[in-house]
Amino acid sequence: MTLTLTGCGSGPGDGDVTLKLVAADYGDSAANSSQHYWDDLTREFEKKHPGIKIDVDVYSWTDVDKKVEDMVKAGKAPDLAQIGAYADYAARGQLYSVDKLLSIPTEADFTQSLADAGEYQRVPYGMPFGASTRRLFYNKKLFAQAGITSPPKTWDDIAQDAKLLKDHGVKMPFALPLGPEETQAETLMWMLGGGGGYTDSIGKYTLDSPQNVKTFEWLQKNLVAKGLTGGDPAKVNRADAFQGFADGEVGMLNGHPTLMKQAEAKGVDYGTTALPGSNGKAKATMGVTDWMMAFKQPGHRAQVGQFLDFVYSKKNVLKFSSTYGLLPVTVSASQEMMADDRYSKLHGFLEQLAGAEFYPADKTTWPLVSKTLKAKMGAAVEPDGNPSAVLSTIQNTADAADNAASGE
């Protein structure tokens, strides 16, 4: 107790504590690396809490999850990790639950859908950090040239508009990135549009449900087979699709807020609209959030809690979100963003956040299922592919992993 109490004290001395935070980089260059954000934030925090020092290491998304995994395996867990998944660590009892860390006002300020997505077996361990939703982007100039006067509202509209775009020489009428980079995202968006999804209401995988099979049969028959995706979707990664849109070669695609900056930098006049579904607007859009978590091993619960209350203050959440084109994860920062016209282009994305559907990040088997989707899903829509067989194969992998996880 003495150590903890002294660590919270205001003077230097034996009780000084250094908290280790490993975080992901949201910047796309050294100039806007997340390291700058954390350096500014920790400098301000340390001034107010002289007994607590924060040591932050920022790694690329390619490396950060593995870095934390290796530290934990070596018995040197960081105090805090801001990474892509929390469930494995929660399942092994390595994390503090959120209620043991945050003050009640801070915990209550999380957007509810995000807070719910951070629960493992009904207990919150993952704190949302940076969020986004998806909308359909379309190139206004290419639409006008093809005589299309309004954005698509249904899948049939997408197919019709894509054909008009193709007839007017557009290289990639609808970009469908089912390449290995982020297939799990594109797949879920289409599943939601067809009334399906990855899991049912009790968290069981439903990958090969009739709705999901029907969705990918529609894609195969109405977009891919008709040459409206401008090539083999299994070979198109999200980065390629986004670049193609910024280069003015893509008519439509599903995208997140980061694409706005990319398109604007190249002078593309674009619009966004809610994701179309099979018979009207999709039942929900896909939401994505990354996670902050606190490890028990270093034993600095009180100091970590103080730091997190500061991290999740309205000012800091808004600064992070606006710097990286992301959506705030708290109600207070979201309300401020909605009330500010400077963020008007993000308002459509933010309005969807409360009802968005997320990856089943609370399942320890999700990383394996996600990896399997990345490897196999592209083949489902190829002209000679078999959507039903591909989805059944992935479902079998998911069921086997779930059974192993529950010790059956």
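Which residues of helix α11 (residues 238-246) are buried? They are A241, F242, G244, F245 and A246. Keep in mind that you're looking at a predicted model. Below is a quick tour of an open sheet of five strands, then helix α11 and its cover, the three cavities that turn up in a search of the whole structure, and a couple of single residues, A333 and D340, that both count as buried.

**The five-stranded sheet**

- Reading across this open sheet, the strand order is β2-β1-β3-β13-β6, and the pairing is mixed.
- At the edges sit β2 (52-59) and β6 (127-133), each of which pairs on one side only.
- Going from one strand to the next, the twist averages 15°.
- Helix α2 (residues 34-48) packs on the sheet, where it touches β1 (17-24), β2, β6 and β13.
- The direction of α2 makes about 175° with that of β2.

**A closer look at β6**

- As general background, strands of a sheet pair through backbone hydrogen bonds, and they can do so in a parallel or an antiparallel way.
- The partner of β6 is strand β13 (residues 287-294), and the two run antiparallel, with six bridges between them.
- Two spots help you find your way along this pair: F129 has D290 of β13 as its bridge partner, while S132 stands opposite V288 in β13.
- Why call β6 largely enclosed by the rest of the structure? Seven of its seven residues are buried, so that's how this strand ends up.

**Around helix α11**

- The cover over the buried residues of α11 includes β7 (135-139), β9 (250-255), α12 (258-265) and β10 (270-273).
- Just after α11 comes G248, which takes a positive phi of about 80°.

**Empty space inside**

- How do you spot a gap in a model? Rolling a probe the size of a water molecule over the atoms shows where empty space is left.
- The search of the whole structure finds three cavities of 30 Å³ or more, and the largest has a volume of about 60 Å³.
- Lining that largest cavity are Y37, F129, G130, V311, Y312, N316, V317, F320, S321 and V329.
- Both β6 and α14 (314-324) put at least two residues each into this lining.
- Which element gives the largest share of the lining of the largest cavity? That's α14, with four residues.
- F129 is a handy landmark here: this residue has D290 as its bridge partner and is also among the residues lining the largest cavity.

**A333, tucked away in a helix**

- You'll find A333 in helix α15.
- A333 has 0% relative accessibility, so this residue counts as buried.
- Leaving out residues up to four places away in sequence, A333 touches K314, V317, L318 and P328; one of these, V317, also lines the largest cavity.
- A333 and S313 are 20 residues apart in sequence, and their C-alpha atoms are 8.4 Å apart in space.

**D340, in a loop**

- D340 sits in the loop between α15 (331-338) and α16 (344-351).
- Is D340 buried or exposed? The relative accessible area of D340 is 19%, and buried means under 20%, so D340 counts as buried.
- The side chains of D340 and R342 are joined by a polar contact of 2.8 Å.

Methods. Residues numbered from 1 in each chain as written. Predicted model: local features only at pLDDT ≥ 70, side-chain atom pairs only at ≥ 80, totals over all residues. Heavy atoms only, no water. Pairing = 2+ DSSP bridges. Axes fitted to C-alpha atoms, helices over the stretch in contact; angles between N-to-C directions. Contact = heavy atoms within 4.5 Å. Buried < 20%, exposed > 50% of the residue type's maximum accessible area, 1.4 Å probe, protein only. Polar contact = N/O pair within 3.5 Å; in protein donor to acceptor, adjacent residues only side chain to side chain. 1 Å grid on protein atoms, 1.4 Å probe; cavity = no way out; pocket = protein on both sides within 12 Å on 5 of 7 lines; lining within 4 Å. Points joined across faces, edges and corners; volume = space filled by probe spheres on them.
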